[in-house]
Every structure is written in C-alpha cells, then in structure tokens.
Amino acid sequence: MLVLVAPGQGAQTPGFLTPWLDLPGVADRLQEWSAAIDLDLLHYGTNADADEIRDTAVAQPLLVAAALVSAGQLFPTAQDFSRLVGASAGHSVGELAAAALTGVLPEEAAMKLVRTRGLAMAEAAAVTETGMSALLGGTPEAVLPHLEKLGLTPANVNGAGQIVAAGTMEQLAALAEDKPEGTRKVVALKVAGAFHTHHMAPAVSALEAAVQEISPADPHTRYVSNKDGRVVTGGREVVQRLVGQVANPVRWDLCMETFKELGVTALIEVAPGGTLVGLAKRALPGVATLALKTPDDLDAARALIAEHATPADEGVREA
C-alpha cells in the first residue's frame, strides 16, 4: 500500500523548482497560479535566495505548488491518484497539498488558501520575534516537561526521536543552553515564526473568513490529518482542521502510526522531498521510501508505484 506525503515549511531550498520547469506544462501551471495569487512562483522557485524564500508568505505557496506539480507527474488525473494511492497526508502547510491531491479542494482554490495562510501567519509572526527549533534524540517523557518549564510549545511531534519546539527567541535561546536529558542536538529551523502555537491565533481568524466561500468535496483517497493522525472522510471536516491546525501542534507521529495501521509498504514524499522520508526510515522500518527531489527521481518513483500501489482496506482511525 502506497502513501504519498507532502513536506512542510523549511524544506525549500534556492532554485529547487528549476529542473521541474523543463517538463511540459509545468511553467504554464505555475504562471497561472502566480497570476491567481499575485505571487511570482517562477521567480521564487528559481532565482530567489534563501532569505527571500524563508519568508512565510512566499515559502508556503511555493511548497504547495511544488508538491502539486511533482505529484502531477506521477498521477496525471484524480482517477490515477485514487486508484494508486492508499492514503495521503502533508506536514503542516503540506496538508493543503494533500487536500488538493485527494480532491477536497481544486488546485487553484488550494493555492489561494495557502496564499492567505502564508500572509496571515507572516503577519501574526511579526507581532513578536518567535521561531522554532528541532530537538534530536530524547524521549517525549523527558522533552515535553522540559519544554513546558521553559514556556515552549511542542509544535511538531514528529516521531522517530524528533520534537520541534516553538516560542519566543529568548525561550529558544534558553533551550539551546539547557537541553532536555537525552537530547543530542537542538537545531534552529529556517522558519520565521512560532507556527502551530498560540502565537498564530490571529491567522486562524483570517483563515476562518477565507474558507467561508469554499465548497469542499469529500476526499476520494484517505486523507490523514495532522491533528490526531485520523483518517478524515468529510471535506468540510478537512477544511475545518486545516484552519485550526495553524495554531495547534502537528502530530506527525500519529500520522505515521496510522500509515502503519493501514498497512503501508511504500512512501513517496513529493518535492522538495527528504524530511519526511528521513522520519519514515526511522519510524517505519521495512517500508520502501523515496524522496522526489528532481525529475530525475520520477522513473524510480514510477517503479515504486507499480510495485506497491494496492490500496488497503477502509476504516482505520476514521474521524
């Protein structure tokens, strides 16, 4: 059973969209989305530097666009996707890509919503200087109470020995000086705010207003939610979770547990892949994985799909 996942913010690197523009139709799609959301995706995906694409308002639409473009090379139609993919999920902003790929939102609607999300989260982040740091190693039993003591939020519980803390820069500095027992390393992330915490509450209000005009469809393929790792079968429920998720922790550990319960045998991470494959290699031993970084990876991805694309039985951890 094949699972398709989309990465979250911080996965972007300068020029990562450049090789995809050589494929037929990709530049045209990016130009159409750029016009729809008033953001030059072609420029930011090819010529912009690391600081420019670190901007939340830029990074989020860029990541969703990359996920949709790369997935489209493997699954040209919704029918192809629903026939070959057993479940899909996205980490943080990657959830909007998963919502589009599973048919909950049309692609352009997903791009418009992620543009609103990025702008609103950037505005919320500007109120107080905040950030996020990944803790590598350590157990939840040791890490979580330590974060609470420092006033930090466990914004991403990623499994495989990784928890991401979020809060003010002062709180994160204190964490770097005082690591929890068993933690090997604290790594500052390339993000511009304390996402998935109370600092993002203003962005929730902006998204609530933005989704009023959206008429979502029920997913045609299992959609696994960051909120609690459950399979969500209603389109409106997916959208409600997307709205609330900006101010609540990402439970990627529970998503991976659901993949395991569903009987996953292979996992593909769409562009710019790598982060989620790394987590899967540690948390899902025996599962074949592939990070779709450039078009050079497409043939290997197609071979993996041909070998593993058999949807599992329905009904695990449904919401």
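**Exercise 1. Find which strands helix 6 lies across, and its angle to strand 2.**

Solution. Start with helix 6, residues 94-101, in this predicted model. Helix 6 lies across strand 1 (2-6), strand 2 and strand 7. Its direction runs at about 150° to strand 2.

Next, look at how two of those strands are joined. Strand 2 covers residues 87-90 and strand 7 covers residues 222-224; they run parallel, with two bridges between them. For a handle on the register, put A87 opposite R222 in strand 7.

**Exercise 2. Work out the strand order of the open sheet and name its edge strands.**

Solution. Write down the order: 8-7-2-1-9-10, six strands in an open sheet. Strands of a sheet can pair either parallel or antiparallel, through backbone hydrogen bonds. Here the pairing is mixed.

Now go to the ends of that order. Strand 8 (231-232) and strand 10 (288-291) are the edge strands, as each one pairs on one side only.

**Exercise 3. Describe how helix 1 packs on helix 4, from geometry to residues.**

Solution. Two packed helices are described by the angle between their axes and the distance between the axes. For helix 1 (residues 26-37) and helix 4 (residues 56-74), the axes come within 11 Å and cross at roughly 150°. Angles over 145 degrees count as roughly antiparallel, so that is the label for helix 1 relative to helix 4. The handedness of this crossing is right-handed.

Then pick out the side of each helix that makes the contact:

- Helix 1 brings V26, R29, L30, W33 and I37.
- Helix 4 brings P61, A65, L68, V69 and Q73.

Sort the contact residues of helix 1 and helix 4 by class and you get eight nonpolar, one polar and one charged.

**Exercise 4. Do the same for helix 12 and helix 13: what is the angle, and which residues meet?**

Solution. Helix 12 spans residues 252-262 and helix 13 spans residues 275-283; their axes sit 11 Å apart at an angle of about 60°. That angle falls outside the parallel, antiparallel and perpendicular ranges, so helix 12 and helix 13 are oblique to each other. Their crossing is right-handed.

As for the residues, W252, M256 and K260 of helix 12 meet L276, L279, A280 and A283 of helix 13. By class, the contact of helix 12 with helix 13 has six nonpolar residues, no polar ones and one charged.

**Exercise 5. Check the confidence: what is the mean pLDDT, and where does pLDDT stay under 50?**

Solution. Begin with the whole chain: the mean pLDDT is 94, and 97% of residues reach 70 or more. Then locate the weak stretch. Over residues 312-317, pLDDT stays under 50. The model has 16 contacts beyond four places in sequence for residues 312-317.

Key: Residues numbered from 1 in each chain as written. Predicted model: local features only at pLDDT ≥ 70, side-chain atom pairs only at ≥ 80, totals over all residues. Heavy atoms only, no water. Axes fitted to C-alpha atoms, helices over the stretch in contact; angles between N-to-C directions. Helix = DSSP H or I, 4+ residues; strand = E, 2+ residues; numbered from the N terminus. Parallel < 35°, antiparallel > 145°, perpendicular 65-115°, else oblique. Left-handed = near helix turned anticlockwise from the far one by under 90°. Contact = heavy atoms within 4.5 Å. Nonpolar A, V, L, I, M, F, W, Y, C, P; charged D, E, K, R; others polar. pLDDT = per-residue confidence, 0-100. Pairing = 2+ DSSP bridges.
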